[in-house]
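Me: I've got a structure open and I'd like to go through the labels people put on it. Can you take my "why is it called that" questions one at a time?

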Amino acid sequence: MKKYIYISILFIAISSCDDFLEVAPETILTQENFYKNQNDFEQAVTGIYAPLQPLYQLQWQLNELRSDNTYFIYNVGNRGGKPTEDLATFTVETNNATLQSNWQYNYQIISRANLVLAQIDNVDFENSVKQNLKGQALFLRALAYFDLVKNFGGVPIFTAPPTSYDETFKLRATKQQVYDQIILDALAAIDLLPDRTTQTTGRATSGAARVLLADIYLNLERWNDAEVILTPVLSMGYSLLGDYADIFKPANKGNSEIIFEIWYVTGTSQPLFSTFPYSFIPQTPDPAVITGVSPATPNGGGSNNIPTPDLIASYEDQVEDERFGASIAFYTGPGSMVGIPNYTNQPYIRKYLHPHAVYNQTDQNWPVYRYAEVLLMMSEALNEQNKSAEALTYINQVRDRAGLTTDITTTVQGELRNAIINERRIELAFENKRWNDLVRKNIAISVMTTFGTSVKNNPEVYYYAPGNAPPPNSFNVTSDFLLYPIPINEIIVNPQLQQNPGYN
């Protein structure tokens, strides 16, 4: 069972006596005296992982909800969810709390990684352990910067702990400079990390670092580099599970398809459980009718990240394709929102909803990378290099596992490109991939403009109560809105940060 250790480093400035300034009290932990042995660094690296838990409780808002995969059930009686809805309707404001949290959690990961990397070579312990810990820190720093650059563009780069107040204020680096740093970190992590056979379950591996780097290369359209870095992953012992639904079951954590996932646990003295499955179910008088867990809070359920009619229609065969039933369920019964007394075949995400004991506390992990995505990455990288016939092998492995009896056969590059993107949409539904896929394939503006028109023209089809609709300024999708605004609190603290175009 993964335990996350939170490390607090206290800094005390005593100004009343010069003698006291010369020697820090022995009971006080500082950066200089904490890192003394292997165990200290193992605890510190565990601490780098910790912000991933709250980060991935909210990542769906910036990814799936931003896309044509999911929407929300409009709550007439409680408008407290508007900041979340703004992310879906392209009306986001610079004080959005989710953006602020995303920025802070990612920089918390970066800061903790920098502390470890700055100190670890100053302490002697077994080199293989040291290399592993360094590799994990570099991987996590790369993962955090990758998330930041996708969401905000160029951001300040910190690769060492600041040594003065002034050093905490930096200008935004360019987008390319951020990518250059991410690539350096990922390459170093690949060399330092062990593979999945010898690494502790739940920790970053050389395979995970390779897949992260391949993801970066796909975003940069470095197709050959993506192919080269992915090829060894095909022989690292990863494999597709026979049953798609089994991938996500808490009982199967760390299975052969998982390359990297965010771990959550229940039954500990710390709040290490996941709550996101409850955000994805419709509000009802008794959510136990969906979750099976009582007692439950009335109106429980977030009514967010609801599968759209567009996504549902994109499945080729809802009976033959096992992914449909494993990913999406439907509820018919009483509702608890103003204007929605009852639901009829209301879709919601089933993929992450599994048996658990306590209301709103699950041990459901969040998959970040898995082997099916590796196969689709390889298919894309090969197709973009005009190796379409070879690319078919990989996409059809994914389809075969899903139960589809019809293979993709086209070798026309454009047609296969569209097939791969659609296959990613289905295979990786609700795994925070769709929005970035739309952006990196340069189709976000057209797809989301069309989607927005559908929502405005048919609001009740998209879960609005009768008489309600999106605001007039919604879905004004321009190139400016392919990035989110820099959180306004960060600009207030550091006026050197320039806001992204299109945001006041």
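Me: What makes helix 5 count as mostly covered?

Reply: Keep in mind that this is a predicted model. Helix 5 spans residues 82-89, and six of its eight residues are buried. Those are Thr84, Glu85, Asp86, Leu87, Ala88 and Thr89. Buried means under 20% relative accessible area, so six out of eight earns the helix the phrase "mostly covered".

Me: What covers the buried residues of helix 5?

Reply: The cover includes helix 4 (52-62), strand 1 (70-71) and helix 6 (97-119). Just past the end of helix 5, phenylalanine 90 takes a positive phi of about 65°.

Me: Strand 1 again, then. Why is the pair of tyrosine 71 and phenylalanine 475 called stacked?

Reply: By the ring-pair rule the count comes to 34 aromatic pairs. In this one the ring centres are 6.4 Å apart, which is within the 6.5 Å limit, and the planes sit at 25°, under the 30 degrees for stacking, so tyrosine 71 and phenylalanine 475 are a stacked pair.

Me: And what makes you say that this pair ties together parts far along the chain?

Reply: Tyrosine 71 is in strand 1, while phenylalanine 475 is in the loop between helix 19 (444-457) and helix 20 (488-493), so the pair links parts 404 residues apart in sequence. Both tyrosine 71 and phenylalanine 475 are buried. They also belong to one aromatic cluster, with Phe72, Tyr74, Phe90, Trp435, Phe451, Tyr462 and Tyr464.

Me: Why is the pair of tyrosine 107 and tyrosine 145 edge-to-face?

Reply: Check the angle: the planes are at 90°, over the 60 needed, and the centres are 6.2 Å apart, so the pair is edge-to-face. Tyrosine 107 comes from helix 6 and tyrosine 145 from helix 7 (residues 127-152), so the pair joins parts 38 residues apart in sequence.

Me: How do you know whether tyrosine 107 is buried or exposed?

Reply: Its relative accessibility is 14%, and the cut-off for buried is under 20%, so tyrosine 107 is buried. Tyrosine 145 has a relative accessible area of 1%, so that residue is buried too.

Me: How do helix 9 and helix 15 cross?

Reply: The axes of helix 9 (residues 206-219) and helix 15 (residues 371-383) come within 11 Å and cross at roughly 35°. The crossing is left-handed. Val211, Ala214, Asp215 and Leu218 of helix 9 meet Val374, Met377, Glu380 and Ala381 of helix 15. By class, that contact has six nonpolar, no polar and two charged residues.

Me: What makes glutamate 221 and serine 303 worth flagging?

Reply: Most residues other than glycine have a negative phi. Glutamate 221, though, has a positive phi of about 60°, and serine 303 has one of about 55°. Glutamate 221 is in the loop between helix 9 and helix 10 (223-230). At 44% relative accessibility, between the 20% and 50% cut-offs, glutamate 221 is partly exposed. Serine 303 sits in the loop between helix 12 and strand 3, and its 1% relative accessible area makes it buried.

Me: Why is the bond from serine 294 to proline 295 called cis?

Reply: Omega for that peptide bond is near -5°. Proline 295 lies in the loop between helix 12 (288-291) and strand 3 (306-307).

Me: Where does pLDDT stay under 50?

Reply: Over residues 1-29. Where pLDDT is low, the predicted coordinates should not be read in detail. The mean pLDDT of the protein is 93, and 93% of its residues reach 70 or more.

How values were computed
Residues numbered from 1 in each chain as written. Predicted model: local features only at pLDDT ≥ 70, side-chain atom pairs only at ≥ 80, totals over all residues. Heavy atoms only, no water. Buried < 20%, exposed > 50% of the residue type's maximum accessible area, 1.4 Å probe, protein only. Helix = DSSP H or I, 4+ residues; strand = E, 2+ residues; numbered from the N terminus. Contact = heavy atoms within 4.5 Å. pLDDT = per-residue confidence, 0-100. Axes fitted to C-alpha atoms, helices over the stretch in contact; angles between N-to-C directions. Left-handed = near helix turned anticlockwise from the far one by under 90°. Nonpolar A, V, L, I, M, F, W, Y, C, P; charged D, E, K, R; others polar. Phe/Tyr/Trp six-rings, centres within 6.5 Å; stacked < 30°, edge-to-face > 60°.
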